[in-house]
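Welcome! Please take a moment to look over the sequence and the 3D view before reading on.

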Amino acid sequence: MMLITGGTVVNATGPQPMDVLVDGEQIAALYAPGRAEGVTADQTVDATGKYVLPGGIDVHTHMELPFGGTFASDTFETGTRAAAWGGVTTIVDFALQRTGEDVQAGLAEWHRKADGECAIDYGFHQIIGGVDDAALKSIRYLTEHEGVTSFKLFMAYPGVLYSDDGQILRAMQTAAECGAMIMMHAENGIAIDVLVAQALARGDTDPVHHGYTRPSELEAEATHRAIVLAKVAGNVPLYVVHMSAGDALEEIAAARRDGRNVFAETCPQYLWLTLEDTLAKPGFEGAKWVCSTPLRPKNTEHHHQESLWQGLRTNDLAIVSTDHCPFCMKDQKELGLGDFSKIPNGIGGVEHRMELMYQGVVTGQLTLERWVETCCTTPARMFGMYPRKGIIAPGADADVLVWDPTRPTTIGVNDKHHMNMDYSAYEGFVVDGKVDTVLSRGTVVIEDDAYVGTKGHGRFIERELSQYLV
Ligand code: DUC
Ligand code: ZN
Ligand code: ZN
């Protein structure tokens, strides 16, 4: 038995001073202050002056993803350890199927990569990069038998992961029949590829052109099209990933006003970083921030960052994930020297989401409970893990983040940085709070500024259907 004493429990419903009793892998009881006096525990965590919240759930990571001629640089071992350092106790990573490949073989490969490697619990979504009859059958099979109930399609990356509208419609129809969620990378990749070719032909090869050739209009258009296709496909639940643009978010808001099963996420990079301050840095440095959807310019008519923060408050954006897809500068991002289109797309951030979003609480952009809701509770409900995950309550897994609001965190390669990357996308950021102690299913994995977990502790989570739908 372990007692976490003196802290303020923060659930999505709000903060309340309570002691938390952990028995084995689960939360056994909550006590009002002073009421746990008779309880004998063999371990005590002093949370006086600290917040006690459900462990973070990052529903968008890409460990070891083969992409752009290389592999994302975090393995499940290094990536889940870094996640633990960041107060994250569950990730949902994307298993991969590409055109001509077998979906179940892709899922088996992801199990092989993760099995016995993870510091924290993990689930999988399935990328369907080649919609054909066999893939459609697999959508149903994975949903019904494998605990994989969400499927990502790409409207971008023609020739790599792209699905055309007919393929999307067919996959959506199948998902609608079995209750699965369709996740969408919403960018018009066909138009983007024209702009990319034109830029390169003009000699515009620097990283900033990654941003210029992916204008927000092409995110908004694809978002709109995905929403229409989802409606035609029988109102399949649609979850638009990594939203970066105010104009695209308006499409989500309109669909939701219309009563549709449309959900969306954004990521800390879109809330805190701009094209001017990152991609547009001189020389090749901007490659550090090449990801898709791209970081957006400031001061446009769409007010991207203000809109995203507002969307988080109104629930048009329900979740903050990271799209953790790390690449080192050396030998990886460098593949795109002289040609921005060859820079592997991705930013690593699984370690920093809880920190960066807490800073939104400090700056008054989010409430404390909305921080927990968007980073812990809604991810669990959206992807079929609630109330086992995402809440501090009796019966839930004892996935707990003790957060210290009195001590700062400085992010940077020579400061706090445990991801397998040779740079930090958030170098020099200071957050007015700190990960103090982290429990994964009742086991302490982070304490006293040290990782004390073990590889292989993390278990695969078979997920149910989304719990936002009746
Ligand atoms: N976007 C990225 O930035 N990386 C991997 C895939 C994606 O959609
Ligand atoms: Zn994507
Ligand atoms: Zn992604």
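This report looks at a metal site and then at a group of paired strands.

## A note on the model

Please keep in mind that this is a predicted model.

## The zinc site

Let's begin with the zinc ion (ligand 2). Three residues coordinate the zinc ion (ligand 2) through nitrogen atoms: Lys152 by NZ, His185 by ND1 and His242 by NE2, at 2.1 to 2.3 Å. Along the sequence, these donor residues follow the spacing K-x32-H-x56-H. A second metal accompanies this one: the zinc ion (ligand 3) lies 3.7 Å from the zinc ion (ligand 2).

The site has 4 donor atoms, with angles of 82 to 128° among them, and it is classed as irregular. Why is the site irregular? Four donors count as tetrahedral if all angles lie between 85 and 135 degrees, and the range here begins at 82°, so the tetrahedral label does not apply.

## Where two of the donors sit

Lys152 and His242 link distant parts of the chain, as they are 90 residues apart. Lys152 belongs to strand S13 (residues 150-154), while His242 is in the loop between strand S15 (238-240) and helix H8 (246-257). Are these two residues buried or exposed? Both Lys152 and His242 are buried.

## Strand S2 and its partners

Now to strand S2, which covers residues 8-11. S2 pairs with strand S3 (residues 14-17) in the antiparallel sense, over 4 bridges. A hairpin of 2 residues connects S2 to S3, and Asn11 stands opposite Gly14 in S3.

S2 also runs parallel to strand S7 (residues 51-54), joined to it by 2 bridges. In this pairing, Thr8 is opposite Tyr51 of S7.

Methods:
Residues numbered from 1 in each chain as written. Chains lettered and ligands numbered in written order. Predicted model: local features only at pLDDT ≥ 70, side-chain atom pairs only at ≥ 80, totals over all residues. Heavy atoms only, no water. Donors = N, O, S within 2.8 Å, 3.2 Å for Na, K, Ca; no water. Tetrahedral: all angles 85-135°; square planar, octahedral: opposite > 155°, others 65-115°. Buried < 20%, exposed > 50% of the residue type's maximum accessible area, 1.4 Å probe, protein only. Pairing = 2+ DSSP bridges.
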